[in-house]
Amino acid sequence: MAPTKTPLKTVTRSAKFRGLVGFLAFLAVWEILPVAGVLPARYFPPFHEVLAAMALNLASPIFWQSVLYTTEAWFLGLTIAFVAAALVGLILGSIPILWRYTESTIEFLRPIPSVALIPLAVLMFGIDVKSALLLIVYAAFWQILIQILYGVKDVDPVALDTARVYGLGRWSRIRYVSWPTALPYAITGFRLGASVALVLAVTAELVIGNPGIGHQVALAQSAMALPEMYSLVITAGIMGVLVNILARFIERKALGWHQSTRSGA
Amino acid sequence: MTMNDPRAGEARSRDPMLAIRQLRKVYDGSGRTVEAIRDVTFSLDEGELVCIVGPSGAGKTTLLRCIAGLLEPTSGEVMLAGKPIAGPSPGMAVVFQEYGRSLFPWMRVRQNVELPLKEKGKSPEERRRLVDESLEAVGLRDAREAYPWQLSGGMQQRVAIARAIAYEPKVLLMDEPFASVDAQTRAELEDLVRAIWVRLGVTIVFVTHDIDESVYLGERVVVLSASPTTVMQDVPIDLGSVRSQLETRADPRFGQLRGQIYALIKDAKHQV
Ligand SMILES: Nc1ncnc2c1ncn2[C@@H]1O[C@H](COP(=O)(O)OP(=O)(O)OP(=O)(O)O)[C@@H](O)[C@H]1O
Ligand SMILES: [Mg+2]
């Protein structure tokens with residue numbers, strides 16, 4: 001894998017450069033169009049106003065508090081979903097009979113959009129972070145569970161035979177064979193779930209009104225503070241990008257052996 | 001080497017170490033039934049090294065899986081030291097043909113060898129000793145901290161052998177373990193099996209479809225017929241206990257035995 005590293009790096013570097021140029025061009029267009037009157041300036045403030053609002057945000061405790069709230073809900077929801085999906089996935093995947101009985105139910109529950117649970121969440125928890133957590137966990141759980149189920153199905157029969165021959169009981173087989181096999185899938189699930197969780201964290205704040213970035217967006221909108229509103233939307237976008245970078249970083253760290261196996265084969 | 005100490009003081013019973021009696025295995029898959037093994041009976045005394053040869057599809061893997069307790073026979077029984085086998089037993093270890101898939105890629109060599117010992121409840125010191133001794137025995141002491149996929153095929157199969165002997169089995173089962181390594185490595189590994197057998201006195205069942213290999217390795221060769229599988233003949237190999245790739249294979253007796261088994265297997269194929 002070493003020889004491919006250098007060309008790969010140059011490719012990504014020039015790709016990054018082009019990406020940056022494209023992005024700057026996008027910001028320039030954003031700046032020009034409202035000023036030139038192509039876009040209604042009422043709804044689309046030029047970029048420099050949004051930038052100014054962002055600068056103000058940086059000095060605002062309420063802004064940082066909101067970022068923290070959203071991050072907390074995201075993190076907590078994602079963690080709960082991951083742990084629950086890992087447990088359920090490993091158990092269902094390792095006990096075929098259970099899987100056969102639950103598969104249809106899972107296929108029924110999985111496509112229900114998490115936002116359809118908003119009324120239920122409000123009934124149960126009101127304007128509390130628990131409402132947001134319900135939505136986040138529900139959405140992320142299925143993403144991760146499905147991946148883990150794929151992963152457990154991918155377990156090599158020879159590896160399982162080996163484990164049985166050498167006296168590994170059911171629990172040890174899960175721990176030493178099924179889980180390591182499913183881990184790459186679990187991490188993909190984690191990455192997908194992380195994005196979905198952020199979407200739902202912001203959605204909940206926006207619609208239900210529990211504190212966080214999404215709620216700030218709603219407040220800015222009702223005050224017609226559009227540059228402020230855009231600055232918050234962009235903040236949510238930046239959080240999304242960071243979440244993805246973080247998830248990919250974890251992916252690389254956790255799967256050192258896996259990547260090497262792949263490229264070696 | 002003191003790996004098999006526990007057995008030393010045991011009263012020698014008249015039970016064979018491993019007995020397979022009238023074993024029959026029918027795969028009963030959806031709509032398709034395959035009689036993989038019709039009737040197989042043979043036994044091994046303690047410390048014997050027996051090779052099993054048979055044409056492809058004769059049910060060798062099926063037989064080995066039944067012996068290992070991974071597969072339930074349709075009828076008949078497998079007895080280990082006088083006790084019937086019902087599932088994998090701590091008295092048996094298996095070396096699989098697919099070494100690459102049998103070693104866990106997420107564990108280092110040392111961890112792969114150690115895991116079964118942990119499951120057996122061995123103390124950390126005991127585990128260390130067994131891991132060191134067995135890796136030493138297969139000539140891989142320096143690869144302790146490597147991952148299996150960093151090693152060559154031959155080295156990986158050595159790790160699998162080390163894992164098997166560290167487990168201190170009464171019976172070591174090997175299913176075409178060297179079918180997918182090159183000729184040179186294969187010869188080395190064959191000598192390794194002989195060396196380990198001499199050194200540890202462990203009972204070995206070695207399955208292969210290679211007649212030369214079976215004659216070179218075995219003290220006895222059990223020849224299986226083609227499916228529906230029975231034992232055609234149980235051939236004693238009188239080539240002495242010290243074997244060498246050059247001399248043994250050049251021995252006229254080696255040629256005779258090889259020819260005899262070759263003819264048997266040819267017959268076996270023609271009967272179908
Ligand atoms: N899980 C299974 N389900 C149904 N039939 C099977 C199964 N495993 C093996 N068989 C059948 O049983 C017969 C014996 O197979 P087996 O793999 O034991 O032969 P073998 O002697 O090991 O062959 P080879 O030399 O190719 O390894 C074959 O006809 C095979 O198709
Ligand atoms: Mg086979």
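How many helices and strands does the secondary structure of chain A come to? The count is 11 helices and zero strands, where helices (H or I, at least four residues) and strands (E, at least two) are DSSP runs numbered from the N terminus. The model is predicted: local features need pLDDT of at least 70 and side-chain atom pairs count only at pLDDT 80 or more, while totals for chains, interfaces and linings use all residues. Residues are numbered from 1 along each chain as its sequence is written, and chains are lettered from A and ligands numbered from 1 in the order in which they are written.

**View 1. Chain A, an all-helix chain with elements α-α-α-α-α-α-α-α-α-α-α from the N terminus on.** Taken along the principal axes, the C-alpha atoms of chain A fill a box of roughly 75 × 55 × 30 Å. Chain A has 265 residues, of which 34% count as buried. A residue is buried if 20 or more other C-beta atoms lie within 10 Å of its own, exposed if 12 or fewer, and partly exposed in between, with C-beta atoms placed from the backbone. Two residues are in contact if their C-beta atoms, placed from the backbone, lie within 7 Å. Among contacts in chain A between residues at least 6 apart in sequence, 73% join residues at least 24 apart.

**View 2. The contact between chain A and chain B, with 17 residues from chain A and 20 residues from chain B.** On the side of chain B that touches chain A, strand 6 (92-95), helix 3 (99-102) and helix 4 (109-119) of chain B each supply at least two residues. Helix 4 of chain B gives the largest share of this side, three residues. By class, the side of chain B that touches chain A has 15 nonpolar, one polar and four charged residues. Here Ala, Val, Leu, Ile, Met, Phe, Trp, Tyr, Cys and Pro count as nonpolar, Asp, Glu, Lys and Arg as charged, and the others, Gly among them, as polar.

**View 3. The shell of 14 residues around ligand 1.** A residue is near a molecule or strand if its C-beta atom, placed from the backbone, lies within 6 Å of it. B:Tyr27, B:Ala36, B:Lys60, B:Thr61 and B:Thr62 come nearest to ligand 1. Strand 2 (33-44) and helix 2 (60-68) of chain B are the elements that give two or more residues to this shell. Helix 2 of chain B gives the most, with three residues. The shell divides into four nonpolar, nine polar and one charged.

**View 4. Strand 3 (residues 49-53) of chain B and its pairing partners.** Five of the five residues of strand 3 of chain B are buried, so the strand is largely enclosed by the rest of the structure. B:Leu49, B:Cys51 and B:Val53 point one way from the strand, and B:Val50 and B:Ile52 point the other way. Two strands pair if DSSP finds at least two bridges between them. Strand 3 pairs with strand 8 (residues 203-208) of chain B in the parallel sense over five bridges, and B:Cys51 stands opposite B:Phe206 in strand 8. With strand 9 (residues 220-224) of chain B, strand 3 also pairs in the parallel sense, over four bridges; here B:Val50 stands opposite B:Arg220.

**View 5. Helix 5 (residues 124-137) of chain B and its buried side.** Helix 5 of chain B has 14 residues and reaches 20 Å from its first C-alpha to its last, close to the 20 Å expected at 1.5 Å a residue; the expected span is 1.5 Å times one less than the number of residues. Its buried residues are B:Leu130, B:Val131, B:Ser134, B:Leu135 and B:Ala137. They cover an arc of only 155° around the axis, which puts them on the same side of helix 5; the arc is that of the directions from the helix axis to the C-beta atoms. These buried residues pack against helix 4, helix 6 (153-166) and helix 7 (183-200) of chain B. The face turned away from the buried side carries the exposed residues B:Glu125 and B:Glu136. Helix 5 is followed by B:Gly139, whose phi is positive, near 75°.

**View 6. Backbone details in loops of chain B, including B:Ala81.** B:Ala81 is not a glycine but has a positive phi of about 50°. It lies in the loop between strand 4 (75-80) and strand 5 (83-84) of chain B, and with 18 C-beta neighbours inside 10 Å it counts as partly exposed. B:Glu168, also not a glycine, has a positive phi of about 50°. B:Glu168 is found in the loop between helix 6 and strand 7 (171-175) of chain B, and with 22 C-beta neighbours inside 10 Å it counts as buried. A cis peptide bond with omega about 0° joins B:Ser227 and B:Pro228. B:Pro228 is found in the loop between strand 9 and strand 10 (229-236) of chain B.
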